[in-house]
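Biologist: I'm new to this structure and would like a close look at one part of it. Could you pick a single helix, walk me through its surroundings, and then show me the open spaces and loops elsewhere?

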Amino acid sequence: MLDTVANAWAVAHDGAVIWENPDVSFLDPFTKSGVFLREITRRLTEGLAEWEPDLEKRVDHILTRQVYGIGITQLTALLARRSVYCSKEATGEHSIAKSFDRHWGNIWFERTEHTWAGDRCAYCGAAKAGYERGDALESHAYAFIHTTNPRALLATMFGADVQFDVIIGNPPYQLDDGGHNNSAAPIYQHFVDGAIRLDPRYIVMVTPSRWFAGGRGLDQFRQRMLASRRIRRLVDFPKLYDGFPGVKIRGGVSYFLWDGVDVGPCEIQTMWDGKPLGGPSTRELGTYDVLVRRNEAVSILEKVRERGEPTLDARVSAGKPFGLRTFFHGSADAEGIADPVKLFGSQRVSWVDRSALAQNAEWVDDWKVLMTAVQGTSAAVETKFLSKPLLAGPGTACTETYLVAGRFGDETAARNYAAYLRTRFLRFLVSLRKSTQHANRDVYAFVPDLPIDEEWTDEKLYARYGLTEDEIAFIESQVAAHDDEPANG
């Protein structure tokens, strides 16, 4: 990440070396162990040797004038100071910074409280029930995002005249939002937005990659990021555990370089097993409403889209198609039910009366193709992307465990459609929009809605869109075949 900053600085400043500039300032607004600040200090210490030969004076200048941080907790602030100053207090006996008059130096932390608006924080969305706690526990109300004016906040910390050239780091990713089953809401987008409002020259952050195509509450953030044309380099680690070994972040992680002056296309590099996967590709991020993360996929998608065909998301139902939650189950059999409907639910088939369906009861009489609303594994690489379709005849319904992917008047059409859903081609197009295990109807928005009066195979689809041998090989390297027929309900 620091090399990315240095390269961009050199391009913008006629080859100048950023580490040889005594006036450039760096901020990590969510420092943990201080690793970014420590490495910045090391590079500046080497780069400024000619500017200031005296090591003690040089280090003191760097630490008091160039390197700044904000701790996310009291403990991380102490760790960062120990890491950067060699002392938990910047004014301590063993501190390598000699001219601070405040114990925290330039690594600030003060406890911040959430601002409750009803049962949630107005800034970060934290649940009051989980985070309204006493002084003995951390509030996890991160100061940098609990303000409407981060510039004014930083002026109170470091002085009104501080303008940061580079903002860099690894922000907190999420907070428990008090929802069902310990659900969590992303918060890293708030840190990115706050950094942008400080108007630095560069921002470099590592974040989860699910903002590319999904994520709760990230739609507007994604639109702003893709449309800004200020992300000039993006390095993506799509393989689980690859970016942070041992840390499970579904959808992978990535880091980006945001440029406050120059706008243009973005250079995208995919990493795999810690090494570059092919060469980088430079392209416009805002071509589609989501970021197509693999460079090899772009030409395939362009061939599909240029035909202007309607897309499958208009056919697929919204979540909870019959108004029944995933944990709802009916009776074990149809006995005694006046108008019985066979109900497909979570790991169980049961029976309900048609009157129990809160909506779309008229769909019961159709032939339906059902798809699970969640599809994913804990494997390091996802290869299926969609479950096998479930063929459900007349007299059936489902809970929100499934989506109704299509409704038909006869079995032949339903079977043809189910065969289409099983193709590698279709599931590859789904993969371009599916960043987590959730497979809602939006993931089908790149898939053409083709006539189902014939059975579509991968070979027919490859020929229809004129795919090259290399493009076909790429699809089949990414998507595993479903090796059996659709299930019958």
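**A close look at helix 8**

Modeller: Let's begin with what packs over helix 8: the cover on its buried residues includes helix 7 (188-197), strand 10 (231-237) and strand 11 (253-259). Keep in mind as we go that this is a predicted model.

Which residues of helix 8 are buried? Helix 8 runs over residues 219-228, and the buried ones are F221, R222, M225 and L226. Viewed down the helix axis, these buried residues fit within an arc of 120°, so they line one face of helix 8. Turn to the other side of helix 8 and you meet Q220, Q223 and A227, which are exposed. So much for the two sides; what about the end? Helix 8 is followed by R229, and the phi of R229 is positive, near 60°.

Helix 8 also leads us to an open space. The largest pocket has a volume of about 1,600 Å³. Two elements give two or more residues to the lining of this pocket, namely strand 8 (184-186) and helix 8. Strand 8 provides the largest share, with 3 residues. In total, 44 residues line the largest pocket, and those nearest its centre are R216, V374, T436, Q437 and H438. Sorted by class, that lining is made of 16 nonpolar, 15 polar and 13 charged residues.

Now for the second largest pocket, which holds about 650 Å³ of space. It is lined by 34 residues, and P238, R293, E382, F385 and K434 are the closest to its centre. Helix 11 and helix 13 (469-478) each supply at least two residues of the lining, and the largest share, 3 residues, comes from helix 13. The lining of the second largest pocket divides into 15 nonpolar, 12 polar and 7 charged residues.

F385, one of those closest to the centre of the second largest pocket, is worth a pause. F385 sits in the loop between strand 17 and strand 18. With a relative accessible area of 11%, F385 is buried, because buried here means under 20%. The backbone of F385 has a positive phi of about 70°, even though F385 is not a glycine.

N360 is another non-glycine residue with a positive phi, in this case about 55°. You'll find N360 in the loop between strand 16 (348-353) and strand 17 (367-372). At 22% relative accessibility, N360 counts as partly exposed.

Further along is P394, in the loop between strand 18 (390-392) and strand 19 (396-398). P394 counts as partly exposed too, with 45% relative accessibility. If we set aside residues up to four places away in sequence, P394 touches V364, D365, D366 and W367. How far is P394 from V253 in sequence and in space? The two are 141 residues apart in sequence, and their C-alpha atoms are 44 Å apart in space. V253 also gives us a link back to the start, as strand 11 (253-259) is part of what covers the buried residues of helix 8.

One more loop deserves a visit, and D449 is the residue to look for. D449 lies in the loop between helix 11 (424-431) and helix 12 (458-464). The side chains of D449 and R315 are joined by a polar contact of 3.1 Å. Leaving out neighbours within four places in sequence, D449 is in contact with P310, T311, L312 and R315.

Last come the cavities. How many cavities of 30 Å³ or more does a search of the whole structure find? The search finds 3, and the largest cavity contains about 70 Å³ of space. Among the residues lining the largest cavity are G71 and I72, the run from F109 to T112, and H140 and Y142. The lining of the largest cavity divides into 5 nonpolar, 4 polar and 3 charged residues.

To come back to your helix: helix 8 has buried residues along one face, exposed residues on the other side, and a part in the lining of the largest pocket.

Technical notes: Residues numbered from 1 in each chain as written. Predicted model: local features only at pLDDT ≥ 70, side-chain atom pairs only at ≥ 80, totals over all residues. Heavy atoms only, no water. 1 Å grid on protein atoms, 1.4 Å probe; cavity = no way out; pocket = protein on both sides within 12 Å on 5 of 7 lines; lining within 4 Å. Points joined across faces, edges and corners; volume = space filled by probe spheres on them. Nonpolar A, V, L, I, M, F, W, Y, C, P; charged D, E, K, R; others polar. Buried < 20%, exposed > 50% of the residue type's maximum accessible area, 1.4 Å probe, protein only. Helix = DSSP H or I, 4+ residues; strand = E, 2+ residues; numbered from the N terminus. Arc of directions from axis to C-beta. Contact = heavy atoms within 4.5 Å. Polar contact = N/O pair within 3.5 Å; in protein donor to acceptor, adjacent residues only side chain to side chain.
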